[in-house]
Amino acid sequence: PCSEIHIDIRTDAEKNKVAGESLINSGHPHVIEIWNLVFIEFNRAADGKLENLPQKHVDTGMGFERLCMIVQNKLSNYDADVFESLIEKVEQLSGKTYGQDENINVAIRVAVDHVRAVAFSIADGQLPANVKAGYVIRRILRRSVRYGYTHLGMQTPFLYELVSVLADDFKDIFQEIESQKDLISKVIKEEEVSFLKTLEVGLKRLDEVIHKSKGKVIDGNIAFELYDTYGFPFDLTQLIAKENGFTIDEKVFDEEMSKQKDRARQATKVETGDWYVIKDAEVEFVGYDQHESEAEILKYRKIKSKSKEGYQIVFSPTPFYAESGGQVGDTGYLETETGEKISILDTQKENNLIVHFTDKIPEKVDAKIKAVVNYDKRVLTANNHSATHLLHAALRSVIGDHVQQKGSLVNADHLRFDFSHFQKVTDDELKEIERTVNKKIRENIQLDEKREVPFDDAVELGATALFGEKYGDKVRVIIFDPEYSIELCGGIHVNSTGQIGQCKIISESAIAAGVRRIEAITADKAEDYINTELETLTSIKEAFKNPNDLLERVNSLIKKNNDLQKELEGFTKNKIGTLKESLINNCKDKGDINFIAEIVDLPDSEAVKSLSFDLKRQVDNLFLVLGAKFNGKAHISVMLSDNLVKDKGWKANEIIKELASEIQGGGGGQAFFASAGGKDPGGLQSAMDKARKIAEA
């Protein structure tokens, strides 16, 4: 079918537009499916002016799935065999049949398409999150769950079960899905479980709104609250509203959404001017071999973020390492021939260009400059980066080859390493990992650095690719003992492992399903940490009069404290029982309510709450107000029987606000129970008197 399409991309874009329109008007059966051409011909400057590009291009937008559709003579991407096995699995799980109903068709298409996108992203190292790329993954997943919930009746997780089918489909093409199948399934299932809970909460809130509504229009603020607070999709709110004969005030919703976007936009807005080019030349990075260099500025531009102005400068050669591969960018300064010093605040990459951030630019931008990296910070960062490589190898050695890096952060203060593992790393395993790393540090292994190595040759060496790096045809290989650690890496490293001094793991935790995180420190930071811990231990020993067995003494004290706590709880329970009987006997009959307002002597707010609920269970039509004093501060609780809330419209959370003013405090809670704290215990009796007036009104 493609043979009838003849577009000469060597001609100018306007002719191609005409050719495209001609094809679309021709009624060719596949034109609408594949015709998504983008004509790339201009660069838009900061002032809005369009500049002709030296080369013009056409992007057809026709990916693999569309080609399959055409070759197999199908009318939709989803009818091709690329999606066949996934669609069959969804049919099996849901009991729905693809092709019988348009809503079901759409839901199944969303499920199979989105699970592919999410699975490949996770295999590539991107996990669902609330920011940046991770947020996109999370939104894609939630959209799939929502369609499955609404149109397929899937109220339990199901997308994760598609991963095994996807892995089998791509086992000979993209083996990462198969090798990380368990991790991908766990991450997706966890996200499904979480969002299904969100859906449940949102549905309950929406049900309350619908039943209490006096009209047939749902306030747009409520729809925005569901979206913003609960993560409840707006289109799902619309659908449920429509099913119940309601509409939503979309204008108000859109206004609130616009305000939120404006706030987010202003928080992250960075305005950049056009580059002012002084010299057109390639940037040479010399940071692997030196921390300062004579350089010249190639170009610069002004930037503005949160009303603060600064500059981005490109100069060459540069010893400054740009943030990548988990390692933060270098800082330092520029020095001009006149002695002027300008701080380099950060170094980043932009389209493979090393960009230096400053508050100002040199007076003479065409003069020679000296670029100097903050050497002390670089050394500490290099310590942590090399320690990360040693840690990665130790993890694979101790807990298994399934360990794969899922993220990292390396700066002068500490290192953070995220990796795939399905359970907590035990204390014994952590000890062995740390022992292995420090053994390699003491061996003072010399760095074996290989630059410009063909990628295939590096893989043959057994090099491990690091998460976050993008590799070209030629790569840099970092080796600390060819039998221990070989990794592809563009970062700054120590010349020998002995420079690291020591490595101390300070935490191990879970950050996502099947993903763990280790944080560690090295060199001076590790020494300071250990000394601080020893000082704390010494102080504890002294407090216990330097016993022979400190741990035994501490455990004995804990046991004694627990016994006393249980004894105190017993006394409190007895006291609550006695108070309860006394309060019931002194209960005042105020017509159709039983009123109690007393200041009680109890040890804490939990005891007051327990007494309140006990009284509610035994006294009908109860309006209860209890005051107490803890640690020199006032406390008030209000409890209402359910029928008083329903029949009289009283709300404990509103009453408590009136009473809290008497003790110079505030509080809140639910309609049937609320509490408040204040700094004036002397006002407790006034609060009791005010409660009595409310009961008598």
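Here are some worked exercises on strands, turns and charged side chains in this structure.

Keep in mind that this is a predicted model, where local features need pLDDT of at least 70, side-chain atom pairs count only at pLDDT 80 or more, and totals for chains, interfaces and linings use all residues. Residues are numbered from 1 along each chain as its sequence is written, and side-chain values use heavy atoms, with hydrogens and water left out.

**Exercise 1. Find the partner of strand β1 and describe the turn that joins the two.**

Step 1: Get the vocabulary straight. Helices (H or I, at least four residues) and strands (E, at least two) are DSSP runs, numbered from the N terminus. Two strands pair if DSSP finds at least two bridges between them.

Step 2: Look at residues 38-44, which make up β1, and residues 50-59, which make up β2. They pair in the antiparallel sense, with six bridges. For one contact to look up, take I40, whose bridge partner in β2 is H57.

Step 3: Now the turn. The hairpin has five residues between its strands, and G48 there has a positive phi near 95 degrees.

**Exercise 2. Work out which strands pair with β12, then inspect the loop between β11 and β12.**

Step 1: Start with β8 (residues 308-316). This strand pairs with β12 (residues 353-358) in the antiparallel sense over three bridges, and Y311 stands opposite T358.

Step 2: Go on to β11 (residues 346-350). Its pairing with β12 is antiparallel too, over five bridges; T347 has H356 as its bridge partner.

Step 3: Check the loop. The hairpin of β11 and β12 has two residues between the strands. N351 sits in that loop and has a phi near 55 degrees, positive although the residue is not glycine. N352 is found in the loop between β11 and β12 as well, with a positive phi near 65 degrees, again in a residue other than glycine.

Step 4: Buried or exposed? Buried means under 20% relative accessible area, exposed over 50%, and partly exposed in between (1.4 Å probe, protein chains only). N351 has a relative accessible area of 75%, so N351 is exposed. N352 comes out at 74%, so N352 is exposed.

Step 5: While you're at β8, step into the loop that follows. P317 lies between β8 and β9 (332-336), and the peptide bond from S316 to P317 is cis, with omega near -5 degrees.

**Exercise 3. Give the strand order of the open sheet that contains β22, and name its edges.**

Step 1: Read across the six strands: β22-β23-β24-β25-β27-β26, with mixed pairing.

Step 2: Pick out the edges. They are β22 (588-589) and β26 (665-669), each pairing on one side only.

Step 3: Zoom in on β23 (residues 594-599) and β24 (residues 622-630), a parallel pair with six bridges. Here I599 stands opposite G627 in β24.

**Exercise 4. Trace some salt bridges and see which parts of the chain they link.**

Step 1: Recall the background. Side chains of opposite charge can pair when their charged atoms come close. A salt bridge here is a side-chain nitrogen of Lys or Arg within 4 Å of a carboxyl oxygen of Asp or Glu. A search of the whole structure finds 33 of them.

Step 2: Take K302 and E309, whose side chains meet at 3.9 Å, N to O. K302 has 41% relative accessible area, so K302 is partly exposed. E309 is at 46%, so E309 is partly exposed.

Step 3: Try K424 and E508, with their closest N and O atoms 3.3 Å apart. K424 lies in the loop between β15 (415-420) and α14 (427-442) while E508 is in β20 (residues 503-512), so the salt bridge ties together parts that are 84 residues apart in sequence. K424 is partly exposed at 46%, whereas E508 is buried at 12%.

Step 4: Look at D592 and K648, where the closest N and O atoms are 3.3 Å apart. D592 lies in the loop between β22 and β23 and K648 in the loop between α19 (642-647) and α20 (652-660), so this pair ties together parts 56 residues apart in sequence. D592 is partly exposed at 49%, and K648 is partly exposed at 36%.

Step 5: Finish with a network: salt bridges that share partners join D289, E449, R451 and R476.
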